[in-house]
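Please look over the sequence and the model shown here before reading the report. The text is meant to be read alongside them.

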Amino acid sequence: MRYVNGMRGSAVAVVVASAALAVAGCQPGGGGADAADGGVTPSGAVSSAASSTPGAPKPGSSASGPSTPSASRPGSSSPAASAPPSSAPAPGGSAATCSAGSLKATARQAAVRPAGTGTGAAVVEFTNVSGRTCVLKGHPTVAGAGNGSPEMNVPLTVKPTGAAAPVKVAPGGKAWVKLTFVQVQGEADGYCVSGSAPVVYPTMVVRLPGSGAHQVALDDGQFAECDDTVTVTAVSAIRPS
């Protein structure tokens, strides 16, 4: 009788243990169950004690803290790390070339000029009449304007002298070039040493690289020269004599 009762007690214990296992398999921490963040946690990776303890890491998270956003991981792209737009001004960018409309040109006879009775040499002054700093550069081209009209000009052969360098001209600032002609000799109408006839122009058309053509007249007389040849300096920030 004791043997039979012992067998019954063992059977009851087996049934109770089986029921307990079945209930444990249905809990959220059971193997193969979906994690709270939608990922799948492998069986046994997180214990039921850890999942029920306040402050314990959730399934699928790291114990060292929250995961790093993908935008800040090495090798990933983010808007903050992208290059600035091409329209952004570059630091230390240089001023633009002066436009023709930003300049006022005038001319006078130079104090230092070849001996003779012609113009000899002239200084052309460019004033920045705009509200922005701009740049003048290079050697000019020159043409004599028949009847004072730039449409009826005669290009002169230009002989550049001196090194060219950009010259920044502030609003109201000035820059200069000097034109030295083959001088007319003698009295009255004069003569040219080469044997050619002297030519007189009421105005000259002076063109600077990138800054347009400018018609200038002398403040005291006309341009008289020989051989349609002129020696020109590069634009300078120092007024020539």
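The report below goes through the overall fold, the salt bridges, one loop residue and the disulfides.

## Overall fold

The model is a predicted one, and its protein has 2 helices and 12 strands. Read along the sequence, both helices precede the strands, following the pattern α-α-β-β-β-β-β-β-β-β-β-β-β-β.

Of the 241 residues in the protein, 27% are buried, while the exposed surface comes to about 14,700 Å², with carbon and sulfur atoms supplying 59% of that area. Among contacts with a separation of 6 or more, 72% join residues that are 24 or more positions apart.

## A salt-bridge network centred on Glu125

The structure holds 2 salt bridges, and Glu125, Lys174 and Arg239 are linked by them in a network. In one of these salt bridges, the side chains of Lys174 and Glu125 meet at 3.4 Å, N to O; the pair links distant parts of the chain, with Lys174 in strand S8 (residues 174–182) and Glu125 in strand S2 (residues 121–128), 49 residues apart. Glu125 also forms a salt bridge with Arg239, where the closest N and O atoms are 3.8 Å apart. Here the two partners are 114 residues apart, Glu125 being in strand S2 and Arg239 in the segment after strand S12 (223–233).

The accessibilities of the three residues can be set side by side. Glu125 has a relative accessible area of 15% and is therefore buried, because the term applies to values under 20%. Lys174, at 35% relative accessibility, counts as partly exposed, and Arg239, at 46%, also counts as partly exposed.

## Pro171 in the loop before strand S8

Pro171 is placed in the loop between strand S7 (167–169) and S8, and at 42% relative accessibility it counts as partly exposed. Which residues does Pro171 contact once its neighbours within four places in sequence are left aside? Those in contact with Pro171 are Asn128, Ser130, Gly131, Arg132 and Thr133. For Arg132, the separation from Pro171 is 39 residues in sequence, whereas the C-alpha to C-alpha distance in space is 5.6 Å.

## Two disulfides of opposite handedness

The count of disulfides comes to 2, and with bonded cysteines counted along the chain they follow the pattern 1-2, 3-4. In one of them, Cys98 and Cys134 are bonded with their sulfur atoms 2.0 Å apart, and the torsion about the S-S bond is about 90°, so this disulfide is right-handed. Cys98 lies in the loop between helix H2 (48–52) and strand S1 (103–109) and Cys134 in strand S3 (residues 134–136), so the pair ties together parts that are 36 residues apart in sequence. Both cysteines are buried, Cys98 with a relative accessible area of 0% and Cys134 with one of 6%.

The sulfur atoms of Cys192 and Cys226 are likewise 2.0 Å apart in a disulfide, but the link of Cys192 and Cys226 is left-handed, with -90° about the S-S bond. This pair links distant parts of the chain, Cys192 being in the loop between S8 and strand S9 (199–201) and Cys226 in strand S12, 34 residues apart. Cys192 is buried, with a relative accessible area of 5%, and Cys226 counts as buried at 1% relative accessibility.

Conventions. Residues are numbered from 1 along each chain as its sequence is written. This is a predicted model: local features need pLDDT of at least 70, side-chain atom pairs count only at pLDDT 80 or more; totals for chains, interfaces and linings use all residues. Side-chain values use heavy atoms; hydrogens and water are left out. Helices (H or I, at least four residues) and strands (E, at least two) are DSSP runs, numbered from the N terminus. Buried means under 20% relative accessible area, exposed over 50%, partly exposed in between (1.4 Å probe, protein chains only). Contact means heavy atoms within 4.5 Å. Accessible areas come from the Shrake-Rupley method with a 1.4 Å probe; for residues, only the protein chains shown count as cover. A salt bridge is a side-chain nitrogen of Lys or Arg within 4 Å of a carboxyl oxygen of Asp or Glu. A disulfide is a pair of cysteine sulfur atoms within 2.5 Å.
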